[in-house]
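User: I am new to this structure. Please take a close look at the backbone, and set it in the context of the whole chain.

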Amino acid sequence: MSEEEKFDCIIVGAGPAGLSAAITLAKAGVEVAVLERGEYPGAKNVMGGILFTTILDKLLPDFWEKAPVERHITHRRFSLLSKDSEIALDFKTAGYNEPPYNHTWSVLRAKFDRWFAEQVEEAGAMIIPGMMVSELLMDGDRVVGVKTEPGGDELNCDVVISAEGVNSFLAEQAGLRKQHDPAHMAVAVKEVISLPQETIEDRFHLNDSEGCAYEIFGQAVQGTFGSGFVYTNKDSLSIGVGSTIHDMKRHKLNPNDVLEGFKKHPAIAPLVRGAESQEYAAHMIPEGGFHHLPKLTTNGLILTGDAAGLINASHYHEGSNLAMASGVMAAETVIAAKEKGDFSDASLSTYRQKLDDSFVLKDLKKFQNLSKFLNENPHLLRDYPDIISGMLKDYFTISEKPKAVIEKEVMAKFKKEIGIWNIGKDLYKIWRAMR
């Protein structure tokens with residue numbers, strides 16, 4: 001490709017980050033190509049199944065009127081599983097039944113990403129599926145394009161935006177990050193299982209297009225540092241589990257076995273009864289958080305989304321909105337760099353400042369100590385669910401004992417198995433880790 005034929009920008013990956021960057025660039029008149037290794041956008045893209053859409057609604061206002069979304073989430077449930085019990089915080093509101101529906105939707109990526117890509121193409125971007133990027137093209141210390149497979153073609157550009165996901169080989173090649181640490185990487189497995197729409201709405205107490213999201217800890221992942229989830233789609237459920245690779249190896253667990261055990265738990269089995277498996281996928285998740293972010297730019301290259309480690313691994317479990325926001329900010333950085341004719345690291349470094357000033361890194365900074373805290377205090381997710389559910393079971397067991405005696409016995413059990421001093425210390429540590 002000659003100098004005159006080169007692209008202004010090449011984006012690697014047609015997920016939420018890459019497509020958000022592409023549509024922003026295309027609308028600004030920047031010549032952009034998106035290279036996607038899947039047969040079509042969404043063919044290989046995996047996430048739990050909840051799309052957070054504050055950024056998307058700015059890019060494509062009222063997108064839900066045409067997009068293939070599944071259900072808007074009105075019901076959130078956070079729970080701890082012991083071996084045979086569940087302790088839950090449950091929240092449901094009709095207030096999320098009005099536009100913009102709390103910007104929270106269940107989606108199936110194969111459908112949604114394909115639709116999003118069509119909107120990006122209509123805006124003027126070029127999307128090339130079935131194209132795997134094997135390496136960066138370098139001119140000294142400056143990225144000037146990419147080499148693709150099959151065929152070994154070389155595509156030139158002024159700047160590359162990496163939106164290739166967690167296994168960002170381009171970030172490694174450019175020296176922006178080292179190989180992943182298993183303690184800060186999670187492996188998640190997910191199954192989409194089909195159920196009739198009426199059955200889903202009956203079991204989860206939903207009306208029309210309402211949906212729910214269950215985030216489940218403790219025995220959901222056999223007490224490891226991770227969680228399980230159940231999300232409702234129109235006529236299917238997205239169900240899965242995820243835990244750090246370090247914990248999985250330490251406890252000699254197989255992710256698929258953990259998922260099967262999760263589906264058989266007494267709190268989960270009634271929800272999935274009679275469902276048939278439609279698809280199965282596995283995915284790596286970067287959970288290092290603020291302390292383990294890579295360098296985000298170099299001469300001619302910007303990292304976005306999972307490739308940049310932009311995952312809020314707290315109880316919010318946000319990723320899609322961070323990815324889209326980073327894509328938009330990367331695009332804005334490229335637009336400014338194009339106006340100056342300067343794609344150096346110094347010019348592109350304004351991208352990091354944009355992230356610092358936004359909710360993206362402010363949220364990651366807020367929860368920067370949570371991952372380390374939970375890794376160092378495994379008893380919180382391993383032991384507490386069984387102890388607390390056992391105490392509640394004793395407290396609510398109907399017998400002929402006077403209630404005063406029951407309360408004294410439960411308090412004695414609490415002091416013996418946890419202790420007021422220990423629970424106080426743990427609550428204080430949790431408070432500190434969440435600040």
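Analyst: Start with the contacts across the whole chain. Take the contacts in the protein between residues at least 6 apart in sequence: 71% of them join residues at least 24 apart. Keep in mind that this is a predicted model.

Next, the overall build. The protein has 17 helices and 17 strands. Its radius of gyration is 23 Å, and the globule rule gives 22 Å for 435 residues, so the protein is as compact as a globular protein of that length. Along its principal axes, the C-alpha trace spans about 90 × 45 × 35 Å. Of the 435 residues, 54% count as buried. The accessible surface comes to about 19900 Å². Carbon and sulfur atoms hold 51% of that surface. As for charge, there are 48 positive and 61 negative side chains. The centres of these two sets lie 9 Å apart.

Now the backbone. Most residues other than glycine have a negative phi, and most peptide bonds are trans. The places below depart from that.

Begin with the loop between β5 (86–92) and β6 (104–106). P100 lies in this loop. The peptide bond leading from P99 to P100 is cis, with omega near 5°. H103 is found in the loop between β5 and β6 as well. Phi of H103 is near 55°, which is positive, and H103 is not a glycine. So one loop holds both a cis bond into P100 and a positive phi at H103.

What does H103 touch, leaving aside its neighbours within four places in sequence? Its contacts are L51, F52, T53, T54 and D57. F52 deserves a second look. It is 51 residues from H103 along the chain, yet the two C-alpha atoms are separated by 5.4 Å.

The second cis bond is elsewhere. It runs from E149 to P150, with omega near 0°. P150 is found in the loop between β9 (142–149) and β10 (154–162). The second positive phi belongs to H317, at about 50°, and H317 is not a glycine. H317 lies in the loop between β17 (301–303) and α9 (320–340). H317 counts as partly exposed because its relative accessible area is 27%, and the partly exposed class runs between 20% and 50%.

Two further residues help to place the chain in space. Take M284 first. It is found in strand β15, residues 276–286. M284 is partly exposed, with a relative accessible area of 25%. Leaving aside neighbours within four places in sequence, M284 is in contact with V166, N167, M185, A186 and I245. I216 is 68 residues from M284 along the chain, and their C-alpha atoms are separated by 19 Å.

Then K295. Its place is in the loop between β15 and β16 (297–298). K295 counts as partly exposed at 43% relative accessibility. Not counting residues up to four places away in sequence, K295 touches L176, L303 and D345. A171 is 124 residues from K295 in sequence, but 8.9 Å from it in space, C-alpha to C-alpha.

That leaves the covalent links between cysteines. A disulfide is a covalent bond between the sulfur atoms of two cysteines. How many disulfides does the model contain, if the two sulfur atoms must lie within 2.5 Å? The count comes to zero. C9 is in no disulfide, and the nearest cysteine sulfur, that of C157, is 6.5 Å away. Why does C157 form no bond with C9? The 6.5 Å between their sulfurs is too far for one. Both ends of this pair can also be placed by accessibility. C9 counts as buried, at 0% relative accessibility. C157 counts as buried too, at 1%; the class takes in values under 20%.

To recap the backbone: the cis bonds run from P99 to P100 and from E149 to P150. Positive phi values occur at H103 and at H317.

Terms used. Residues numbered from 1 in each chain as written. Predicted model: local features only at pLDDT ≥ 70, side-chain atom pairs only at ≥ 80, totals over all residues. Heavy atoms only, no water. Disulfide = S-S within 2.5 Å. Buried < 20%, exposed > 50% of the residue type's maximum accessible area, 1.4 Å probe, protein only. Helix = DSSP H or I, 4+ residues; strand = E, 2+ residues; numbered from the N terminus. Rg over C-alpha atoms; globule rule 2.2 N^0.38 Å. Contact = heavy atoms within 4.5 Å. Areas by Shrake-Rupley, 256 points an atom, 1.4 Å probe, with all protein chains shown as cover. Lys, Arg positive; Asp, Glu negative; His and termini not counted. Charge placed at Lys NZ, Arg CZ, Asp CG, Glu CD.
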